[in-house]
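Visitor: I've got a model open and would like a walk through its inside. Could you take me round?

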Amino acid sequence: AEWWDRVGGEEGEAIENRMLSRVIEGAQKKVESRNFDIRKHLLDYDDVMNKQRQAFYARRIEALRHESFNDEVLDMVEGQLVAFLDEIWPAKGDPEQEEIDQLAGLIEHQFGLTLPDDQAPLVEDGKFPSDRNQLGRSLLEEFTGFLASKRVRCAEFGAEFKEFVEYPSFEWFQRDIMLRILDAQWKDHLHSMDGLRESVGLRGYAQRDPKLEYQREGFAFFGEMEERVDQQVLEPVFKFEFPRPRLESTAQAAAPGE
């Protein structure tokens with residue numbers, strides 16, 4: 001063949017030309033290097049997910065093991081209050097009426113509660129504290145008292161109708177809501193991370209490191225997931241009330257032979 005004559009081979013001679021050998025060897029090294037890079041990036045991506053998985057399951061196990069779930073809920077309440085104050089009252093000084101109205105709207109939407117009137121302990125001399133930390137502590141005390149009263153109401157409600165319906169404790173209700181929302185949000189988060197993993201590879205064309213992009217945005221996704229968990233847990237915990245049983249229907253179901 002003509003191409004064989006050009007590389008100096010003779011008819012029937014094995015392909016052992018040095019130039020061809022170097023080309024083949026170079027191609028093999030490139031393929032091996034590429035495969036190594038692919039495996040390395042897969043390990044990098046897996047490392048990000050492993051860290052997130054450890055953090056998620058640590059929180060879930062903590063919710064299962066703690067005898068009292070109340071402290072976990074109060075931590076979430078405090079985090080939400082801090083986020084609200086950071087959003088609408090970032091600077092020092094007396095709050096404007098517009099800022100108070102915004103805070104009241106956020107609290108009513110999230111917790112189903114209204115800010116106390118001028119006679120409440122939260123308000124001093126007819127106005128809210130000018131120190132945002134003091135306001136936050138006062139609000140946390142108000143919400144802590146509300147949850148304590150709700151716990152008592154639920155216990156009394158369950159005792160009143162225990163002959164007809166077995167109501168769960170308020171502690172059980174909080175924990176159950178938490179676990180359900182954690183599991184649902186984690187599934188959504190996994191889908192988001194899969195989509196992110198597929199998209200970051202294209203960013204190399206824009207001279208951006210896909211690994212760093214995955215780490216940065218993955219961290220942001222995880223933080224957003226945790227915020228959603230807190231918001232979705234607190235809303236039913238504060239707003240939900242056990243329904244009264246329909247006593248007539250319950251009594252008839254309990255005595256079918258009569």
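Visitor: Let's begin with one helix. Which residues of α4 are buried?

Guide: One thing up front: this is a predicted model, where local features need pLDDT of at least 70, side-chain atom pairs count only at pLDDT 80 or more, and totals for chains, interfaces and linings use all residues. Residues are numbered from 1 along each chain as its sequence is written, and side-chain values use heavy atoms, with hydrogens and water left out. Helices here are DSSP runs (H or I, at least four residues; strands are E, at least two), numbered from the N terminus, and buried means under 20% relative accessible area, exposed over 50%, partly exposed in between (1.4 Å probe, protein chains only). On that basis, the buried residues of α4 are I100, L103, I107, Q110 and F111.

Visitor: Within what arc do those buried residues of α4 fall, seen down the axis?

Guide: An α-helix has 3.6 residues a turn, so residues three or four places apart point the same way. The arc is taken from the directions from the helix axis to the C-beta atoms. The buried residues of α4 line one face of the helix, because they fall within an arc of 105°.

Visitor: And which exposed residues sit on the face of α4 turned away from the buried side?

Guide: The buried side packs against α3, α5 and α7, where contact means heavy atoms within 4.5 Å. The face turned away from it carries the exposed residues Q97, E98 and H109.

Visitor: Which element gives the largest share of the largest nonpolar core?

Guide: A nonpolar core is a set of buried Ala, Val, Leu, Ile, Met, Phe, Trp, Tyr and Cys residues joined through side-chain atoms within 4.5 Å. The largest one has 49 residues, and I107, F111 and F238 have the most contacts inside it. Among the elements giving two or more residues are α2 (18-65), α3 (70-88) and α5 (132-160). The largest share, 11 residues, comes from α6.

Visitor: F84 and F111 form an aromatic pair; how many residues apart in sequence are the parts it ties together?

Guide: Rings of Phe, Tyr and Trp (its six-membered ring) pair if their centres lie within 6.5 Å; planes under 30 degrees apart count as stacked, over 60 as edge-to-face and the rest as tilted. F84 and F111 make an edge-to-face pair, at 6.4 Å centre to centre with 80° between the planes. F84 lies in helix α3 and F111 in helix α4, so the parts tied together are 27 residues apart.

Visitor: What about F240: what is its relative accessible area?

Guide: F240 stacks with F173, 4.8 Å centre to centre and 20° between the planes. F173 is in helix α6, while F240 is in the loop between α7 and α8 (247-254). F173 is buried, at 10%. F240, by contrast, is partly exposed, with a relative accessible area of 33%.

Visitor: Last stop, L182: which residues is it in contact with, leaving aside neighbours within four places in sequence?

Guide: L182 belongs to helix α6 and counts as buried at 1% relative accessibility. From L182 to F56 is 126 residues in sequence, yet 8.4 Å in space, C-alpha to C-alpha. With those neighbours set aside, the contacts of L182 are F56, R59, R60 and V229.
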